[in-house]
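Work through the exercises below with the sequence and the model at hand. Each task is followed by a solution in steps.

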Amino acid sequence: MEPDKELQREEMESLQCIYMDEFDLLSESPLIYELTVFASTEDSVLEEAIKARLKVEYTENYPEEAPLILVHIEHPLTRADLAQISNIVKSTCKNFAGLPIIFEVGENVKEYLQQRKAAIAKEESKAETNKKTVCVTVRLDEESMSFTLVTAETYAKWREGIDKKMVEEVKSEDRKAMNLAEEVSKRLTGREFFKFKKYQKQKQDNEVQNDNTEVFYYDEEVFEDAGDIENVCLS
């Protein structure tokens with residue numbers, strides 16, 4: 001076997017062992033094969049693989065003369081990436097002229113893909129963050145939500161409004177109770193009216209007691225047969 005052909009065969013078989021499933025032999029004569037070069041997939045946040053395919057055809061006198069190498073790319077790589085990879089292939093062939101250089105070409109292309117993977121991942125992460133921010137902004141606008149920073153002053157103002165509202169509600173309830181009392185008094189006898197006013201007074205006193213205290217009220221008419229009762233208070 002001619003020296004050049006022997007070198008070609010040895011390099012091709014070495015690459016076949018290295019790339020394994022990513023090596024595809026297309027022709028025995030002339031020797032034509034395709035390598036698929038991937039960026040590392042470790043810790044990758046990208047759904048799509050970053051890869052390039054190198055179709056290699058040995059010339060008659062390779063490695064004394066440069067081989068024919070066609071570069072194929074896939075999304076998300078762009079035409080600009082294709083131009084960069086083509087330049088890498090050309091410069092590698094030039095720098096290692098006269099030597100088997102396909103492995104070196106593959107490693108240089110892989111290094112470029114690694115850089116592009118990091119850049120694309122960063123761009124996608126930024127785009128996703130912006131997307132989430134826009135969605136939150138739209139939702140808040142649609143619901144007409146607004147927020148106020150809470151300080152001692154703003155809290156005091158808010159509390160004043162709440163207290164005022166509670167006072168108005170109590171006054172309203174008192175007016176309703178007075179109207180009811182007047183209405184009832186028109187239909188009660190003197191004794192019944194006295195009992196009603198007494199019950200109303202007891203109810204008002206009960207409302208101002210501590211929430212945790214229950215008060216028992218002694219009514220002589222209710223307990224007139226129960227004997228003497230003094231200071232009955234349940235707490």
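**Exercise 1.** Through how many residues does a hairpin join S1 to S2?

*Solution.* The model is predicted, so local features need pLDDT of at least 70 and side-chain atom pairs count only at pLDDT 80 or more, while totals for chains, interfaces and linings use all residues. Residues are numbered from 1 along each chain as its sequence is written, and side-chain values use heavy atoms, with hydrogens and water left out.
Step 1: locate the strands, taken as DSSP runs of E of at least two residues; helices are runs of H or I of at least four residues, and both are numbered from the N terminus. S1 covers residues 23-27 and S2 covers residues 32-38.
Step 2: read off the connection. The hairpin has four residues.
Step 3: check the pairing, for which DSSP must find at least two bridges between two strands. S1 and S2 are antiparallel, with four bridges; Ser27 has Ile32 of S2 as its bridge partner.

**Exercise 2.** Establish the strand order of the sheet and name its edges.

*Solution.* Step 1: follow S2 to its other neighbour. S2 and S3 run antiparallel and are joined by seven bridges. Within this pairing, Leu35 is opposite Leu54 in S3, and Thr36 is opposite Arg53 in S3.
Step 2: go on to S4 (residues 68-73), which pairs with S3 through six bridges, again in the antiparallel sense. Here Glu57 faces Leu68 of S4.
Step 3: assemble the order. The four strands make an open antiparallel sheet, S1-S2-S3-S4. S1 and S4 are the edge strands, each pairing on one side only. On average, neighbouring strands are turned by 20° against each other, direction ignored; axes are lines fitted to C-alpha atoms, for helices over the stretch in contact, and angles run from 0 to 180 degrees between N-to-C directions.

**Exercise 3.** Which helices pack on the sheet, and which face of S3 is covered?

*Solution.* Step 1: take contact as heavy atoms within 4.5 Å. H1 (residues 3-19) lies across S1 and S2 and runs at about 35° to S2. H2 (residues 79-95) touches S3 and S4, its direction making about 155° with that of S4.
Step 2: sort the residues of S3 (residues 51-57). Ala52, Leu54 and Val56 form the covered face, whereas Lys51, Arg53, Lys55 and Glu57 form the uncovered one.

**Exercise 4.** Which residues touch the most other members of the largest nonpolar core?

*Solution.* Step 1: define the set. A nonpolar core consists of buried Ala, Val, Leu, Ile, Met, Phe, Trp, Tyr and Cys residues joined through side-chain atoms within 4.5 Å, where buried means under 20% relative accessible area (1.4 Å probe, protein chains only).
Step 2: rank the members. The largest core has 29 residues, and Tyr33, Ile102, Val109 and Leu113 touch the most others.
Step 3: assign the sources. H1, S2, S3, S4, H2 and H3 (102-142) each give at least two residues, and H3 gives the largest share, six.
Step 4: inspect Tyr33. Beyond its neighbours within four places in sequence, the contacts of Tyr33 include Leu15, Phe23, Leu54, Val56 and Ile102.
Step 5: set this against the chain, where 22% of the 235 residues are buried.

Note on methods: Buried means under 20% relative accessible area, exposed over 50%, partly exposed in between (1.4 Å probe, protein chains only).
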